[in-house]
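User: I'm new to this structure, so could you walk me through one part up close? I'd like to hear about the interface of chain A and chain B, salt bridges included.

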Amino acid sequence: MLLTGERSLDSAPFDEISFDLCSHRRDVIIMSADLSKYTQIVRVKEELPDQHLDVGMAEQNLISVAAGISKAGFVPVATTFACYATRRAYDQMIICMGTSPRTNIVIGFMPGIANPARIHHQAAEDLGMVRAIPNATVIDPMDVTDFKQALDAAVDIPGLTYIRGHRGATPRILDPDRFHFELGKTYQLRQGSGVGIITTGLASQWGLESSDLLEQRGTSHSLLHVPTIKPVNEDEIAEFCFAHEQIVTIENHQIVTGLGSLVSEIVSSIGGGPRITRLGLPNSWAPGGTLGYIRGQLGLDADSLAKTIEGVLQ
Amino acid sequence: MSKNRENRVQFLELIAAKIRRNVLDICMQRGGYAGQGVALAEIAACLYFDELRPDENQWFYDRFVMSNGHDAIMSYGALAVHGSYSIEELRTYNADGTKIDQSPIEGQLGFEITAGSLGQGPSQAAGIAYGERLKASDKRIYCLFSDGEIQEGNVWEAAMFAGHQKLSNLVYIIDNNNLGATGSTQEILGVEPVPEKFEAFGFAARRINGNSVEEVLEAFEEAKQTSNKPYAMVCDTRLFEGISCLQSALPTAHYVAVDDADWQAGLDEINQRISDLTAQACN
């Protein structure tokens, strides 16, 4: 069982994660583009100032200066909101980091509808964008536990690693004593038959919520958390898919180019297999507002998800 | 000028002439950015053969970042004189399947970054300079980019960062040839006054004749004497400077593919220059 018995909330996850990392890896530089406060980088800035660098509101510079810092032997962790990291600085991410063998980490906070400001702050295509970069690593952690473990692993991964970050009250769902992040590995959180639910990142929390409802209603299902979007263990995903009659993917991302596409690509390359229903952001702009409101509008709240999942079995 | 200084200038002028010859030799195979390579010969000679300090492996202790991609031809011409590339392998420049990229990828010998997406070298050089300073290293970082390139916003983000951080180990070398991809920089989107713009971003800056060995050496010296600020040397150049027959034939050729007779005329002119400079050095 990978889940904690009692879920706790961490109010500022990255503050502790970044400080712990910098305390034992003195070659790590946590970088920001004037968003340290909003990505909750406090202790590193105050207590390890040599390991903190703010480049101001200039995300192209954030990524390219970070790449330069890696060429001086450091491990940069460039942090900003997901929309700026990918949309604003995509070329820099590809050219300066994607073609480099040196370790370069980018963390995109508040991805997709985790951001209340509609359209301009809601990067719902970032996974697909970075996934398209050859040899890049892409990770979408679901909670404090795998966010921390993924970043700890990333500092030793050559090349570009993009991680979706959590800020604000973030639950600890995975038990840090039993969950061990391995790049590419998938994690089965619920085991059953019938419908197989595959989720990543924040949507793994949504998947668990709907799974709780399905359990209450006696609907058999499985739930697979896929934190690594690239490179993923394709055999594990294929095995999971072919063991179920129906597959539903849920992601805090457009339903194209992200997790749903990844799963579809894997299954279609084999041939046959279950029908795949992809849930996430459709081909339209998401509304702004609170996360609960947006989820409700998009049919991504727990109850709507449970109904959709039950519906695919009809 | 002292005798030592005079000898040093003569030596670098001869190196520059050899770089020009190598650039023509390479580009006459299948075309290339010959005009830029020729025009940058004095800067390359001074940089690679005087300014960058050698390390114990016959390589360079200081670090050079070429940003815009097509100026790789300058580096190839110089590194052939240096002996780290053979002219035979460089003649595969622009051939299918060659390892001699027109616009090199990070890791190729002599190239610190993946060049060619304009405006990204100045930031990466600033990052390297910041990192080297953090390590308490005394390495100096040089970055070459062009006046057309400074139309990119990323350059000014980099300049703002370098000035704010007072990266005195960083030197920007701007090839100010008044030429973009399709015409005059000044006509398309004016960039002048370039030195004053960098000064406003916290640099010490100087406009020089980029084809004068003496002026390039003086600027490098001034950069080393500058504390608490990065340095921008704005090098006015003209395409094909130093080979008059090609300069008059191709005054604005961003990318060059010409007939054999023109190449040969250029080669003849530069070979005569090498002979003259060699004879001068022997006297």
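Analyst: Across the interface of chain A and chain B, the rule picks out 2 salt bridges, where a salt bridge is a side-chain nitrogen of Lys or Arg within 4 Å of a carboxyl oxygen of Asp or Glu. One of them joins the side chains of A:Arg102 and B:Glu106, at 3.5 Å from N to O.

A word on the ground rules: this is a predicted model, so local features need pLDDT of at least 70 and side-chain atom pairs count only at pLDDT 80 or more, while totals for chains, interfaces and linings use all residues. Residues are numbered from 1 along each chain as its sequence is written, chains are lettered from A and ligands numbered from 1 in the order in which they are written, and side-chain values use heavy atoms, leaving out hydrogens and water.

Now for the contact itself (heavy atoms within 4.5 Å): chain A brings 25 residues and chain B brings 22 residues. In chain A, the residues that lose the most area to chain B are A:Asn61, A:Lys71 and A:Ala72, together 27% of what that side buries. Between the two chains, about 1900 Å² is buried, with carbon and sulfur atoms giving 56%; that's the accessible area (1.4 Å probe) that two parts lose on being put together, summed over both.
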